[in-house]
Amino acid sequence: MSDILIVDDERDIRELVSDILKDEGYATRLAGNSDDCMAAINDEPPALMVLDIWLKDSRMDGIDILKVVKRDNPDVPVVIISGHGNIEIAVAAIKQGAYDFIEKPFNIDQLMVVIRRAMEASRLRSENNSLKRREVNSAEMIGTSGAFRTLVGQLEKVTKSNGRVMLSGPAGSGKEIAARYIHAHSNRASAPFVIVNCAGVESDRMEEVLFGRETLERGVEPGLLEEAHGGIIYFDEVADMPVGTQSKILRVLVDEQFQRVGGADTVRVDLRVISSTNKDLSAEIREKRFREELFHRLNVVPIAVPSLEERREDIPVLAEHFIAACNAAQGLPLRAISEEAVALMQTMVWPGNVRQLKNLVERVLILGDGSDPIEARELPSDEEAQTGDGRVVLSGTLATMPLREAREAFEREYLLTQINRFGGNISRTASFVGMERSALHRKLKSLGVVTSNKSGARIAYLDEAAEGEME
């Protein structure tokens with residue numbers, strides 16, 4: 001895509017324009033009718049087209065050609081020229097996506113100014129798209145825990161294939177980052193990565209957003225499926241897609257083609273599909289809110305993205321990463337984190353997962369009072385709080401229990417939290433809490449705390465059977 005295609009049924013005009021462009025250093029190709037034009041485009045899309053609107057002895061006129069070019073090669077700028085110019089034709093051409101309209105006989109200097117501007121606009125658009133894709137490619141996955149390593153291992157296995165992937169996990173756990181990771185390491189890395197926010201689009205607009213639309217007033221408006229052509233389309237929270245749209249997406253997955261809303265032309269697309277959900281799709285299918293056929297089409301490779309609770313070991317490195325990111329993007333202080341603050345963060349409840357941790361780090365940096373290490377007192381806590389004189393203020397629940405029950409409840413929650421903080425490593429937990437390993441094992445058994453593997457990591461939880469015996 002490095003030359004200019006000149007399409008005009010008058011040989012003298014197309015050769016004159018070609019000679020002028022060659023003098024300016026441009027390479028050119030010539031076409032005298034619609035068949036030659038389409039053959040040239042199919043052979044290799046040009047960098048720009050100069051297109052006559054009236055073409056004698058042709059199956060298609062300039063407007064028809066313009067529609068096809070903007071449908072199949074939307075990045076190619078088209079300058080329309082015509083000897084029968086009027087306002088209506090100019091408006092129609094611009095609505096169909098033409099860069100500009102010039103009436104014959106045209107001034108050569110005027111034509112060159114328009115061509116240079118169109119080429120510059122095309123170059124800037126290309127660079128912008130490249131920068132966006134590079135930004136996508138720079139999306140990092142941060143962590144060292146067992147659950148994290150298991151996730152990355154699964155993602156690595158699917159990067160080079162074209163298989164559809166379904167990412168499941170709680171909100172804020174990093175499903176979009178996982179999808180971007182697949183894109184960045186795939187053979188489509190230089191192609192678009194387009195996100196469809198299924199929960200954020202009104203149901204009555206979803207089809208226009210996905211498929212685009214054609215109207216007399218605005219011409220062709222491509223949808224997200226066209227924008228993703230050649231790359232990856234990511235259906236974020238796919239369970240929230242309207243049921244009516246689900247059947248049409250299912251057809252796109254089967255046929256790899258569709259029609260825009262209000263249009264009759266068939267648009268072909270080459271896409272890889274990645275989806276995500278924080279819902280139980282089996283339950284959604286039972287409730288008739290999600291099509292079972294679509295689920296099976298999307299769920300070729302299911303991958304579970306662990307919650308932050310399942311990878312508490314990663315909290316320190318994630319927090320440091322977010323501090324560096326806030327410093328680079330907003331100029332916020334580049335602060336270290338004290339051991340006490342790290343310990344508190346690893347014991348906190350994170351219903352919002354990694355997204356909540358990122359927001360907390362940003363808030364602390366904004367409200368902080370300097371470059372000293374972040375201290376535990378700067379972090380919010382809904383659990384037991386410590387007063388200024390070192391006293392512990394009990395939560396309402398503990399304060400209503402007899403001493404023995406309160407002690408057991410505290411020990412159980414404390415040890416559960418510490419074991420999960422250290423990724424299920426009993427030796428590290430014993431060292432931190434100041435107990436012999438054998439004594440810790442006995443204590444855990446008496447409290448009904450057990451551990452098991454989940455998402456590649458060892459997780460501690462309360463054994464329900466043991467809890468029932470204690471009651």
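## A tour of the sheet, the cores and two unusual loop residues

At 12% relative accessibility, E237 counts as buried, since the limit for that label is under 20% relative accessible area. The model is a predicted one, and this residue makes a good place to start looking around it.

**Two loop residues with positive phi**

E237 sits in the loop that links β10 and α10. Its phi is positive, about 55 degrees, even though the residue is not a glycine. Most residues other than glycine have a negative phi. At the other end of α10, E256 is found in the loop leading to β11 (257–259). E256 also has a positive phi, near 60 degrees, and is likewise not a glycine. Which burial class does E256 fall into? With a relative accessible area of 42%, E256 is partly exposed. The table sets out the two residues.

| Residue | Phi | Relative accessibility | Loop |
|---|---|---|---|
| E237 | about 55 degrees | 12% | between β10 and α10 |
| E256 | near 60 degrees | 42% | between α10 and β11 |

**The nonpolar cores**

Both β10 (232–236) and α10 (243–255) give two or more residues to the largest nonpolar core, which has 32 residues. The other elements that contribute on this scale are β7 (193–197), α8 (206–211), α9 (224–227), α11 (281–286) and α12 (292–298). Which residues have the most contacts inside this core? They are L225, F235 and I249. Leaving aside residues up to four places away in sequence, L225 touches L210, F211, I233, I249, V252, F258, V269 and L271. In soluble globular proteins, nonpolar side chains tend to be buried together. Apart from the largest core lies another, of 25 residues, with A31, L51, I63 and A93 among them.

**The parallel sheet**

Now to the strands. Five of them form an open sheet in the order β2-β1-β3-β4-β5, with parallel pairing. β2 and β5 (100–103) stand at the edges, and each has a single partner strand, so one side of each lacks a neighbour in the sheet. From one strand to the next, the twist averages 20 degrees.

Strand β1 (residues 4–7) deserves a closer look. With strand β2 (residues 28–31), β1 pairs in the parallel sense over four bridges. Across this pairing, I6 stands opposite L30, while the bridge partner of I4 in β2 is T28. β1 also pairs with strand β3 (residues 48–52), again in the parallel sense and over four bridges. Here L5 stands opposite M49.

In a regular strand the side chains alternate between the two faces of the sheet. Are the faces of β1 covered or open? Both are covered: I4 and I6 are buried on one side, and L5 and V7 are buried on the other.

Helices join the picture too. β1, helix α1 (residues 11–23) and β2 make up a right-handed β-α-β unit. Helix α3 (residues 62–72) lies across β3 and β4 (78–82), and runs at about 160 degrees to β3.

**A crossing of two helices**

Our last stop is helix α14 (residues 339–347) and helix α17 (residues 403–421), whose axes come within 9 Å and cross at roughly 105 degrees. The two helices are therefore roughly perpendicular to each other, as angles from 65 to 115 degrees count as such. Which residues meet at this crossing? A343, Q346 and T347 in α14 meet T417, Q418 and R421 in α17.

Technical notes. Residues are numbered from 1 along each chain as its sequence is written. This is a predicted model: local features need pLDDT of at least 70, side-chain atom pairs count only at pLDDT 80 or more; totals for chains, interfaces and linings use all residues. Side-chain values use heavy atoms; hydrogens and water are left out. A nonpolar core is a set of buried Ala, Val, Leu, Ile, Met, Phe, Trp, Tyr and Cys residues joined through side-chain atoms within 4.5 Å. Buried means under 20% relative accessible area, exposed over 50%, partly exposed in between (1.4 Å probe, protein chains only). Contact means heavy atoms within 4.5 Å. Two strands pair if DSSP finds at least two bridges between them. A crossover is right-handed if, with the strands pointing away from the viewer, the path from the first strand over the helix to the second runs clockwise. Axes are lines fitted to C-alpha atoms, for helices over the stretch in contact, and angles run from 0 to 180 degrees between N-to-C directions. Angles under 35 degrees count as roughly parallel, over 145 as roughly antiparallel, 65 to 115 as roughly perpendicular and the rest as oblique.
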